[in-house]
Amino acid sequence: MTPIEKFAQGRKFIMRKQAFFSTIMHNLTVIEQDGTMATDGKSLFWSPVWVAIVSVFITTFVILHELLHVVLKHPYRRGDKDPEVWNIACDYVVNAYIVYMGGISYARRRSIRREILWYVGRRCLQNTHKRRR
């Protein structure tokens, strides 16, 4: 499956299973970029290289993740807060929403919760270490 097909399959899944997000998704401009995925509230940036190496499940999860950043207006609410810390905090909230709203199957919830906690813990430790220097 090509990255474009994976990305399209993730979007189709969201349209079928999480219809609320369809309108938001269709109002975002889709732009290819390097990295993973991101949003500025107006566009959905995605990397075909990254999508090629992850599963359709992860692709779908991250599309939904970015849509929730838009819904919760995270790109507009940061103000003068530290961008990295703000992003970590927002990611934690968004991932928790996805897990608890049923955006993923029950079988994957425990695994995702562990991954979220590991990710947040790791990022916080990295930030603490950087600030001590």
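Helices and strands here are DSSP runs, with helices (H or I) spanning at least four residues, and they are numbered from the N terminus. With that in hand, welcome to a few close-up views of this predicted model.

**Figure 1. Two phenylalanines share helix α4.** Helix α4 covers residues 56-71, and both F57 and F61 sit in this helix. The two residues are four apart, about one turn of the helix. Their rings form an aromatic pair of the tilted kind, with 6.3 Å from centre to centre and 35° between the planes. Is F61 buried or exposed? With a relative accessibility of 11%, F61 counts as buried. F57, at 22% relative accessibility, counts as partly exposed; the boundary that matters here is 20%, since buried means under that value.

**Figure 2. F7 stacks with W46.** A search of the whole structure turns up three aromatic pairs, and the pair shown here is formed by F7 and W46. The centres of these rings are 4.2 Å apart, and the planes make an angle of 15°. Which parts of the chain does this pair tie together? F7 belongs to helix α1 (residues 3-17) and W46 to strand β3 (residues 43-46), so the contact links parts that are 39 residues apart in sequence. Have a look at the accessibility of both partners, too: F7 counts as buried at 6%, and W46 counts as buried at 5%.

**Figure 3. Three strands make an open sheet.** Follow the strands across the sheet and you will meet them in the order β1-β3-β2, with mixed pairing. The edges are formed by β1 (29-32) and β2 (37-39), each of which pairs on one side only. On average, neighbouring strands of this sheet are turned by 20° against each other, direction ignored.

**Figure 4. β2 and β3 run antiparallel.** As a reminder, strands of a sheet pair through backbone hydrogen bonds, either parallel or antiparallel. How many bridges join β2 to β3? There are three bridges between these strands. For a landmark in this view, find A38, which stands opposite F45 in β3.

**Figure 5. Helices α1 and α4 meet the strands.** Helix α1 lies across β1, β2 and β3, and runs at about 140° to β3. Helix α4 packs on the sheet, where it touches β2 and β3. The direction of α4 makes about 15° with that of β2. Both helices also appear in the earlier views: α1 carries F7, the partner of W46 in β3, while α4 holds F57 and F61.

Notes: Residues numbered from 1 in each chain as written. Predicted model: local features only at pLDDT ≥ 70, side-chain atom pairs only at ≥ 80, totals over all residues. Heavy atoms only, no water. Phe/Tyr/Trp six-rings, centres within 6.5 Å; stacked < 30°, edge-to-face > 60°. Buried < 20%, exposed > 50% of the residue type's maximum accessible area, 1.4 Å probe, protein only. Pairing = 2+ DSSP bridges. Axes fitted to C-alpha atoms, helices over the stretch in contact; angles between N-to-C directions. Contact = heavy atoms within 4.5 Å.
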